[in-house]
Amino acid sequence: MLAQNVTFGILAAAATLSALRVVTTKNVVHAALYLVVVLASIGALFVLLAAEFVAVVQILVYVGAIVVLFLFGIMLTRPELGRSAGLDNDQRVAGAVTALFLLGVLSFVLVDFYGDDKLPDLSGVSRAQLTAERGTGAVGDAIFSTFLVPFEVVAVLLLAALVGAIVLARRD
Amino acid sequence: MLVNQFLLLGAVLFSIGVYGVLARRNGVLVLMSIELILNAVNINLVALGALRNDATAAVTGQVFALFVITIAAAEVGVGLAIILLIYRNRSSVDLDDVDLMKG
């Protein structure tokens with residue numbers, strides 16, 4: 001338990017500090033690289049929650065694909081790299097107040113409702129049973145049985161987004 | 001571990017993402033903030049799935065997190081294409097300049 005809590009603290013601190021840097025840094029490329037730290041920390045948190053497949057997909061899709069897409073976007077829209085002024089607009093204070101208010105309300109509701117609810121302790125469960133019940137195989141079974149229709153819909157959505165992105169971005 | 005650890009971390013990341021969406025005016029950075037928000041939601045989905053000692057609930061939370069990851073990928077693809085188009089038309093990705101529909 002202690003090791004889990006220490007790991008959680010380190011990962012949560014890394015994710016929070018890097019997320020703050022993503023929204024405050026003056027360098028667009030640095031923002032993308034800080035985003036990598038946030039996404040990788042969240043992937044590690046998924047391992048902590050015994051969600052191995054989501055963790056691997058998080059690293060593959062987010063860190064592997066989406067961040068590269070962001071870097072391409074930065075490269076194509078900003079010829080000069082390095083620090084640049086004017087990344088923020090003039091509503092920083094209003095944005096910070098709104099975000100803090102939102103955080104306050106969310107925290108109050110969460111603490112009020114979930115209080116000291118504990119996640120179930122899985123240390124007594126055997127590793128084979130854990131893998132069989134909530135491992136990659138179980139997730140695949142669920143996707144291709146219970147969630148087959150949403151899965152196909154998401155597949156069509158991805159295709160539509162792909163075609164849409166090509167139509168928008170090509171020049172003619 | 002308390003479930004609130006994860007839920008509060010999700011709330012913090014969500015609020016940071018909201019601040020980014022409100023305070024940034026570079027289009028690519030706004031998209032990055034939206035990614036922060038979607039990731040916060042994913043933490044919530046997986047943590048709440050694991051809250052009940054029930055393998056089906058845990059797997060359901062994971063599957064929904066996977067769907068959110070997929071939709072985030074689609075959203076970034078289309079969003080970056082739109083920002084590229086804005087850049088091509090106005091040589092800037094400053095979202096404050098995109099006010100064609102302002103009354």
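What span should the 22 residues of helix 7 of chain A have at 1.5 Å a residue, and how far apart are the end C-alpha atoms of this helix? The expected span is 32 Å and the end C-alpha atoms are 32 Å apart, which agrees.

## Model and confidence

The structure is a predicted model, and it scores ipTM 0.91 and pTM 0.92. Chain B averages a pLDDT of 91, with 100% of the residues scoring at least 70. Within chain B, confidence is lowest in helix 3 (residues 55-90), at a mean of 92, and highest in helix 1 (residues 3-23), at 94.

## Two helices, two surroundings

Helix 7 of chain A, which runs over residues 148-169, is hardly covered, for the count of buried residues among its 22 residues is two. Helix 1 of chain B, by contrast, is mostly covered, with 19 of its 21 residues buried. From its first C-alpha to its last, helix 1 of chain B reaches 30 Å, close to the 30 Å expected at 1.5 Å a residue.

## Domains of chain A

Chain A is divided into domain 1, covering residues 1-92, and domain 2, covering residues 122-172. The centres of domain 1 and domain 2 of chain A, taken over C-alpha atoms, are separated by 22 Å.

## The interface between the chains

Contact between the chains involves 73 residues of chain A and 60 residues of chain B. On the side of chain A that touches chain B, at least two residues each are supplied by helix 1 (2-24), helix 2 (28-48), helix 3 (52-77), helix 4 (92-114), helix 5 (127-134), helix 6 (136-144) and helix 7 of chain A. The largest share of this side, 13 residues, comes from helix 3 of chain A. Sorted by class, the side of chain A that touches chain B has 54 nonpolar, 12 polar and seven charged residues.

## The largest nonpolar core

The largest nonpolar core has 75 residues, and those with the most contacts inside it are Met32(B) and Val46(B). Both chains contribute to this core: helix 1, helix 2, helix 3 and helix 6 of chain A, together with helix 1, helix 2 (27-51) and helix 3 of chain B, each supply at least two residues. Helix 1 of chain B gives the most, with 14 residues. Because domain 1 and domain 2 of chain A both give residues to this core, it lies between them.

Val46(B) shows how residues of the two chains meet at one position. Leaving aside neighbours within four places in sequence, Val46(B) is in contact with Phe46(A), Leu49(A), Ala51(A) and Val54(A) from chain A, and with Gly61(B), Gln62(B) and Ala65(B) from chain B.

## Two residues with positive phi

Most residues other than glycine have a negative phi. Ala50(A), however, has a phi near 65 degrees, a positive value in a residue other than glycine, and it lies in the loop between helix 2 and helix 3 of chain A. Since 20 or more other C-beta atoms within 10 Å are needed for a residue to be buried, Ala50(A), with 22 such atoms, is buried.

Ser91(B) likewise has a positive phi, of about 55 degrees, although it is not a glycine, and its place is in the segment after helix 3 of chain B. Here the surroundings are of the opposite kind, because Ser91(B) has 11 other C-beta atoms within 10 Å and is exposed, the cut-off for exposed residues being 12 or fewer.

Notes:
Residues are numbered from 1 along each chain as its sequence is written. Chains are lettered from A and ligands numbered from 1 in the order in which they are written. This is a predicted model: local features need pLDDT of at least 70, side-chain atom pairs count only at pLDDT 80 or more; totals for chains, interfaces and linings use all residues. Helices (H or I, at least four residues) and strands (E, at least two) are DSSP runs, numbered from the N terminus. The expected span of a helix is 1.5 Å times one less than its number of residues. Two residues are in contact if their C-beta atoms, placed from the backbone, lie within 7 Å. Ala, Val, Leu, Ile, Met, Phe, Trp, Tyr, Cys and Pro count as nonpolar, Asp, Glu, Lys and Arg as charged, and the others, Gly among them, as polar. pLDDT is the predictor's confidence in each residue, from 0 to 100. Domain bounds come from an automatic or database domain assignment. A nonpolar core is a set of buried Ala, Val, Leu, Ile, Met, Phe, Trp, Tyr and Cys residues joined through C-beta atoms within 7 Å.
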